[in-house]
Amino acid sequence: MKIHSGTLYWPTTTDNDLSIIKNPIAPFYEVIIIGGGIAGFLAAHACLEAGLKVALIEKEDIAMGSTAANTGILHYSNDIMLHELIEQIGEKNAVRFYSMCYEAILDIETIAQTLPDQADFRRRQSICFASKTRDTTKLLREFKALHTHGFPCEYWNDIIIKERLGFEKDGALVTLNDAEFNPVKFVQCLAEQCQQKGLHIYTNIMVNVLEDTNEGTILHTINGQFATRNVIFATGYQNLPYGQLKGTNLKRSYAIVTNAIDNFKPWYEQSLIWETKRPYLYMRTTPDNRIIVGGLDEDKAKVPKSEAKLEKQSNKLLGLLHELFPQVDVKIDYSYCATFGDSIDYLPYIGEHPDHPHYYYLLGHGGNGTVYSMLGANILMDLLQGLPNDDARIVTLARKNGIT
């Protein structure tokens, strides 16, 4: 399935011509990862750190699937607020899940620090403003929940918002220690690093058949057979080679990237900006002083073929930007639509298939997919090595809205 259309920005920001070493297929791998995006290479990095022999198979080019359309925003907050998640799965599990997200951003930062230019990783604060006056009640409740459990946050009233952002909203929740990065640069540089550490990478190869044997699994491709003990599916929003997600919704979302501007006054510290409305509008800036604006989600999985549709939605996003920052004189340089997915219970799909041992899944569905992929890679490493991991039960595939 084609998962994005239009003109993508991130692939233009790097001249990294990833040189894939043409390794002969080894007789056996301890782990084979299917998927060459953020999730796939975070899993590969973790496997290599654990000393495992690993291969990664990607049906297209590295980082050119959903990673290329990723906006590079890293929140510890999620599409479901902490106080809402507490009502859904209990206080202990909800707080732990938020802690996992907070820790995952630090893990991503640690990896980024080993890469050229740190993959443009920058710590930012996130400002979630009340789309309507009544939403301030929800934001205040969330501020209390986050503050009570030790998560760094602030609450801004209308006076502070006007002073620091220039537009008028009744309230905003500000979460600290969030971040932004360049997803394509991150994956391409991490791929090179993983290759140097022994990862076998195979691109433009489709896995046609998975055959179970007494020794493990054989992956059949037109380029040869791959034998392994464990398979990690990090396929993003593409169809799974095995299994079916029970509680996922595939949608499509739009984004624009503007031309570069001279300054961001009164955009306070180039913060990440989003809102309480669902679907929500979100904004960030880039190292070359552009603005990324996204939103206008639609309950359709396939990206539109019509250029007129993309142009219409792109102009709407530009209009929403100007509503908040009318003084910003910009035009659209890049615009695209991309497929994404979220789960009914707002949790990612991470863990071992409940009915098929040694099939593992790293699917960070939701608006916080990169963070989910990082915390999921940590969980999978314990599961693969037979080590206990209490966090795995929170995102287990055996839950009601898991996998079949």
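Me: Where does Pro279 lie, and what kind of peptide bond joins Arg278 and Pro279?

Reply: Happy to start there! This is a predicted model, and in it Pro279 lies in the loop between β13 and β14 (282-285). To read the bond before a proline, look at the omega angle. Here omega is about -5°, and the bond joining Arg278 and Pro279 is a cis peptide bond.

Me: What is omega for the bond that joins Lys265 and Pro266, and where is the place of Pro266?

Reply: That omega is about 0°, and a cis peptide bond joins the pair. Pro266 sits in the loop between β12 (248-258) and β13 (272-275).

Me: Let's turn to phi. What is phi of Ala63, and is Ala63 buried or exposed?

Reply: When you read phi, check its sign and then the residue type. Phi of Ala63 is near 70°, a positive value in a residue other than glycine. Ala63 belongs to the loop between β3 (54-58) and α2 (66-69). With a relative accessible area of 1%, Ala63 is buried.

Me: What is phi of Gln118, and what is the relative accessible area of Gln118?

Reply: Gln118 is not a glycine, yet its phi is positive, at about 55°. Its place is the loop between α4 and β5 (122-129). Gln118 has a relative accessible area of 34%, so it counts as partly exposed, whereas Ala63 is buried.

Me: Now for two helices. At what angle do the axes of α3 and α5 cross?

Reply: Picture each helix as a line and look at how the lines pass one another. The axes of helix α3 (residues 82-89) and helix α5 (residues 135-148) come within 8 Å and cross at roughly 75°. That crossing makes α3 roughly perpendicular to α5, because angles of 65 to 115 degrees are counted that way.

Me: Which residues make the contact?

Reply: From α3 come Leu82, His83, Glu84 and Glu87, and from α5 come Lys138, Arg141, Glu142, Ala145 and Leu146. Sorted by class, the contact of α3 with α5 has five charged, three nonpolar and one polar residues.

Me: Next, the inside of the protein. How many residues are in the largest nonpolar core, and which touch the most other members?

Reply: A useful habit is to find the best-connected members, then ask which parts of the chain supply the core. The largest nonpolar core has 90 residues, and Phe97, Phe186, Ile232 and Leu375 touch the most other members. Helix α4 (residues 91-112) gives the most to this core, with 11 residues.

Me: Why does this core lie between domain 1 and domain 2?

Reply: Both domain 1 (4-70 + 184-244 + 346-395) and domain 2 (123-179 + 247-343) give residues to this core, so it lies between them. Apart from it lies another core, of 28 residues, including Ile256, Ile261, Met283 and Val330.

Me: What is Ile232 in contact with?

Reply: Leaving aside neighbours within four places in sequence, Ile232 is in contact with Val31, Ile32, Ile33, Ile34, Ala43, Cys47, Tyr360, Leu362, Leu380, Met381 and Leu384.

Me: What separates the centres of domain 1 and domain 2, and how many residues of each are in contact?

Reply: Taken over C-alpha atoms, the centres are separated by 30 Å. As for the contact, 16 residues of domain 1 meet 24 residues of domain 2.

Me: Let's try single residues. Is Val328 buried or exposed, and what is Val328 in contact with?

Reply: For one residue, read its place, its accessibility and its contacts in turn. Val328 lies in the loop between α8 (307-324) and β16 (332-343). Val328 is buried, with a relative accessible area of 11%. Beyond neighbours within four places in sequence, Val328 is in contact with Ile261, Ile291 and His322. Val328 and Phe264 are 64 residues apart along the chain, and their C-alpha atoms are separated by 8.2 Å.

Me: And where do Asn368 and Ile379 lie?

Reply: Asn368 lies in the loop between β18 (359-363) and α9, and Ile379 lies in helix α9 (residues 369-384). Asn368 is buried, with a relative accessible area of 2%, and Ile379 is buried, also at 2%. Not counting residues up to four places away in sequence, Asn368 is in contact with Leu74, His75, Tyr76, Ser77, Asn78 and Cys101. With such neighbours again left out, Ile379 touches Met100, Ile350, Asn389, Asp391, Ala392 and Val395.

Terms used. Residues are numbered from 1 along each chain as its sequence is written. This is a predicted model: local features need pLDDT of at least 70, side-chain atom pairs count only at pLDDT 80 or more; totals for chains, interfaces and linings use all residues. Side-chain values use heavy atoms; hydrogens and water are left out. Axes are lines fitted to C-alpha atoms, for helices over the stretch in contact, and angles run from 0 to 180 degrees between N-to-C directions. Helices (H or I, at least four residues) and strands (E, at least two) are DSSP runs, numbered from the N terminus. Angles under 35 degrees count as roughly parallel, over 145 as roughly antiparallel, 65 to 115 as roughly perpendicular and the rest as oblique. Contact means heavy atoms within 4.5 Å. Ala, Val, Leu, Ile, Met, Phe, Trp, Tyr, Cys and Pro count as nonpolar, Asp, Glu, Lys and Arg as charged, and the others, Gly among them, as polar. A nonpolar core is a set of buried Ala, Val, Leu, Ile, Met, Phe, Trp, Tyr and Cys residues joined through side-chain atoms within 4.5 Å. Buried means under 20% relative accessible area, exposed over 50%, partly exposed in between (1.4 Å probe, protein chains only). Domain bounds come from an automatic or database domain assignment.
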